[in-house]
Amino acid sequence: MSLERQVRAKLAAKRNPEQEKEAQGWIESVLGAKFPPGELFEDVLKDGTVLCQLINKLKPGSVPKINSSGGQFKMMENITNFQSAIKAYGVPDIDVFQTVDLWEKKDIAQVVSTLFALGRETYRHPEWNGPYLGPKPSEECKRDFSEEVLKAGQTIVGLQAGSNKGATQSGQNIGAGRKILLGK
């Protein structure tokens with residue numbers, strides 16, 4: 001099997017149809033419109049117009065101009081504008097897919113992962129009260145300890161530090177010993 005075919009098979013195996021359906025349902029509920037019947041998930045998202053409309057619903061004015069015609073470079077510009085807008089919205093750069101992942105359908109699983117990252121980020125925006133996607137991110141649980149408690153914690157030696165009451169593994173024999181046969 002060629003290397004390219006192996007890479008394609010590996011990327012296809014990463015795709016999760018349930019997550020794609022969940023992401024599609026979230027997009028449809030946010031936009032208030034269903035995807036065209038019979039079209040694949042990635043084909044609807046490919047030109048970036050749906051993605052730009054999505055971020056504009058979450059944060060109005062994020063993408064001021066959505067290109068609906070003008071060739072592939074204008075459509076790829078939509079995807080780039082969406083990526084810039086979600087980074088400004090708060091999605092970490094590491095969670096954002098590359099333009100070719102969607103445009104050339106190279107890694108749709110990464111596109112879905114980005115949509116889930118965007119869905120998680122909506123929890124952090126109190127102005128958004130619409131539908132959410134994915135689990136709610138955890139919040140900081142800051143604890144303040146007194147100096148007395150902190151000093152008491154320094155006297156305890158955990159087992160990670162290597163204190164095991166003098167026990168060693170000497171004398172243990174796991175499996176058969178090594179046998180050297182001479183003269184054969």
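A salt bridge is a side-chain nitrogen of Lys or Arg within 4 Å of a carboxyl oxygen of Asp or Glu. The exercises below concern a predicted model, in which local features need pLDDT of at least 70, side-chain atom pairs count only at pLDDT 80 or more, and totals for chains, interfaces and linings use all residues. Residues are numbered from 1 along each chain as its sequence is written, and side-chain values use heavy atoms, with hydrogens and water left out.

**Exercise 1.** Determine which parts of the structure the salt bridge between Lys 105 and Asp 43 ties together.

*Solution.*
Step 1. The side chains of Lys 105 and Asp 43 form a salt bridge with an N to O distance of 2.5 Å.
Step 2. Because Lys 105 lies in the loop between helix 6 and helix 7, and Asp 43 in helix 3 (residues 41–45), the pair ties together parts that are 62 residues apart in sequence. Helices here are DSSP runs (H or I, at least four residues), numbered from the N terminus.
Step 3. The flanking elements of the loop are helix 6 (99–103) and helix 7 (108–121).
Step 4. Lys 105 also has a positive phi of about 55°, although it is not a glycine.

**Exercise 2.** Classify the partners of two further salt bridges as buried, partly exposed or exposed.

*Solution.*
Step 1. Buried means under 20% relative accessible area, exposed over 50%, and partly exposed in between (1.4 Å probe, protein chains only).
Step 2. Asp 93 and Lys 87 meet through their side chains at 3.1 Å, N to O. Asp 93 is exposed at 54%, whereas Lys 87 is partly exposed at 40%.
Step 3. Glu 121 and Arg 124 pair at 3.0 Å, N to O. Glu 121 is buried at 8%, while Arg 124 is partly exposed at 49%.
Step 4. The whole structure contains 6 salt bridges.

**Exercise 3.** State how many disulfides a search of the whole structure finds, and describe the accessibility of Cys 52 and Cys 141.

*Solution.*
Step 1. A disulfide is a pair of cysteine sulfur atoms within 2.5 Å.
Step 2. The search yields 0 disulfides.
Step 3. Cys 52 is buried, at 0% relative accessible area, and Cys 141 is exposed, at 55%.

**Exercise 4.** Locate Leu 150 and give its degree of exposure.

*Solution.*
Step 1. Leu 150 belongs to helix 8, which spans residues 147–154.
Step 2. With 40% relative accessibility, Leu 150 is classed as partly exposed.

How values were computed:
Helices (H or I, at least four residues) and strands (E, at least two) are DSSP runs, numbered from the N terminus.
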